[in-house]
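The exercises below are to be worked through with the sequence and the model in view. Each task is followed by a solution in steps.

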Amino acid sequence: MKSLEQALQHKVGLGTAPLGNMFRDVPEEEAQTTIQTAWDQGIRYFDTAPFYGAGLAEMRLGEALAKYDRDDYLIGTKVGRYMKDEKEKKEGIFEDGRQNKVITDYTEEATMKSIEQSLDRLNTDRLDMVFVHDVSPDFHGDEWITKFDEARKGAFRVLSRLREEGVIKSWGVGVNTTEPIELVMDLEEAQPDVCLSATQYTLLQHEHALERMLPKAEEKGVDIIVGGPFNSGVLLGGDHFDYAKAGTDIVNKVKQLKVIAEYHNVSLKAAALQFSTAHPAVKAVIPGSTRPEHNAEDVEMINKDIPQSFWSELVDKGFISQRAPLPTR
């Protein structure tokens with residue numbers, strides 16, 4: 001079985017949220033070609049979740065990887081939600097996903113149910129990384145601490161036990177804010193070894209992550225995987241920032257970054273991927289896409305030469321924190 005380091009030839013994995021029909025109805029052929037192209041580019045780490053299209057992303061990933069030796073790749077999925085056969089009308093970013101009713105539950109029983117369903121959808125007998133999903137203020141508001149405590153007594157204990165039994169390799173939390181990761185790393189009774197931080201350590205926003213989360217991860221020896229390195233696409237010209245419509249301030253910031261990048265003949269995609277992976281606590285970045293050609297581009301861009309003058313200008317003009325480790329060649 002591959003380790004995380006062995007699976008990450010380029011520090012790039014594939015995030016499959018878009019393959020759950022995020023924002024649009026993705027044809028099956030396009031989804032399968034996207035995963036196949038990632039494989040052909042040497043990508044061997046795949047991140048998914050039941051939440052992505054009510055299991056659709058997991059099903060598509062399971063189908064695409066079924067023909068390969070299970071020891072040759074890593075899968076990370078999530079717990080905190082499970083599916084019911086009952087159907088419901090969907091709204092929001094996954095309104096084009098499957099219509100199965102999704103139950104949010106971080107208890108022990110629900111965690112086991114979630115894992116069993118994921119194993120079935122993924123056509124596999126084991127999972128490598130399991131993240132407790134969205135136990136965070138952006139999903140639960142003021143109730144997030146109550147949900148976190150539910151996970152502490154339920155999901156965290158289950159995943160710790162499964163790791164000890166060798167059923168999974170590692171576990172942590174997968175969230176879009178930094179506080180839950182900071183909190184779980186401080187627990188004495190449950191000790192994660194890898195956490196997924198989406199949208200929080202990117203070229204567009206990283207100050208908060210540098211305050212406590214990343215230093216604590218280094219101190220505790222917890223690996224960090226960065227999801228959403230393009231902040232839902234706005235950095236590459238899209239109109240979404242962190243899963244919502246991008247505000248004028250963010251759009252203007254991207255325009256300024258683009259001007260600087262063009263002056264230095266630098267791709268913002270290359271800059272984003274290399275910035276996120278330059279921090280020593282970060283082991284991988286998992287951009288997601290439904291466009292097969294983007295996967296090849298991601299691998300190319302993570303290895304693209306970027307002049308130090310570009311990074312220096314971003315620091316001098318305040319786009320990058322002076323505390324952030326910069327990519328070096």
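**Exercise 1. Determine which way each residue of strand β3 points and whether the strand is enclosed or open.**

Solution. Leu74, Gly76 and Lys78 point one way from β3, while Ile75, Thr77 and Val79 point the other way. In a regular strand the side chains alternate between the two faces of the sheet. All of these residues are buried, where buried means under 20% relative accessible area, exposed over 50% and partly exposed in between, with a 1.4 Å probe and protein chains only. Because six of the six residues of β3 are buried, the strand is largely enclosed by the rest of the structure. Helices (H or I, at least four residues) and strands (E, at least two) are DSSP runs, numbered from the N terminus.

The model is a predicted one, in which local features need pLDDT of at least 70, side-chain atom pairs count only at pLDDT 80 or more, and totals for chains, interfaces and linings use all residues. Residues are numbered from 1 along each chain as its sequence is written, and side-chain values use heavy atoms, with hydrogens and water left out.

**Exercise 2. Place β3 in its sheet and state which strands stand at the edges.**

Solution. The open sheet has eight strands in the order β1-β2-β3-β6-β7-β8-β9-β12, with parallel pairing. At its edges stand β1 (14-15) and β12 (282-286); each has a single partner strand, so one side of each is left without a neighbour in the sheet. Two strands pair if DSSP finds at least two bridges between them. Between β2 and β3 there are three bridges, in the parallel sense. The bridge partner of Tyr45 in β3 is Leu74.

**Exercise 3. Establish how helix α3 is enclosed and how α2 crosses α3.**

Solution. Begin with burial: eight of the ten residues of α3 (residues 56-65) are buried, so the helix is largely enclosed by the rest of the structure. The buried residues of α3 are Leu56, Ala57, Glu58, Arg60, Leu61, Gly62, Ala64 and Leu65. They pack against α2 (28-40), β2 (45-47), β3 (74-79) and α4 (108-121).

Next, consider the crossing. The axes of α2 and α3 come within 10 Å and cross at roughly 55°; axes are lines fitted to C-alpha atoms, for helices over the stretch in contact, and angles run from 0 to 180 degrees between N-to-C directions. That makes α2 oblique to α3, since angles under 35 degrees count as roughly parallel, over 145 as roughly antiparallel, 65 to 115 as roughly perpendicular and the rest as oblique. Glu28, Ala31, Gln32, Ile35 and Trp39 of α2 make the contact (heavy atoms within 4.5 Å) with Arg60, Leu61, Glu63, Ala64 and Leu65 of α3.

**Exercise 4. Decide whether Arg121 is buried or exposed, and identify what it touches.**

Solution. Arg121 lies in helix α4. Its relative accessible area is 10%, so Arg121 is buried. Not counting residues up to four places away in sequence, Arg121 touches Pro50, Gly55, Glu58, Met59, Gly62, Met83 and Arg98.

**Exercise 5. Describe the surroundings of Pro180.**

Solution. Pro180 is found in helix α8 (residues 179-185) and is buried, with a relative accessible area of 0%. Leaving aside neighbours within four places in sequence, Pro180 is in contact with Val135, Ser136, Pro137, Trp144, Phe148, Val173 and Val175. From Pro180 to Met213 the separation is 33 residues in sequence and 9.4 Å in space, C-alpha to C-alpha.
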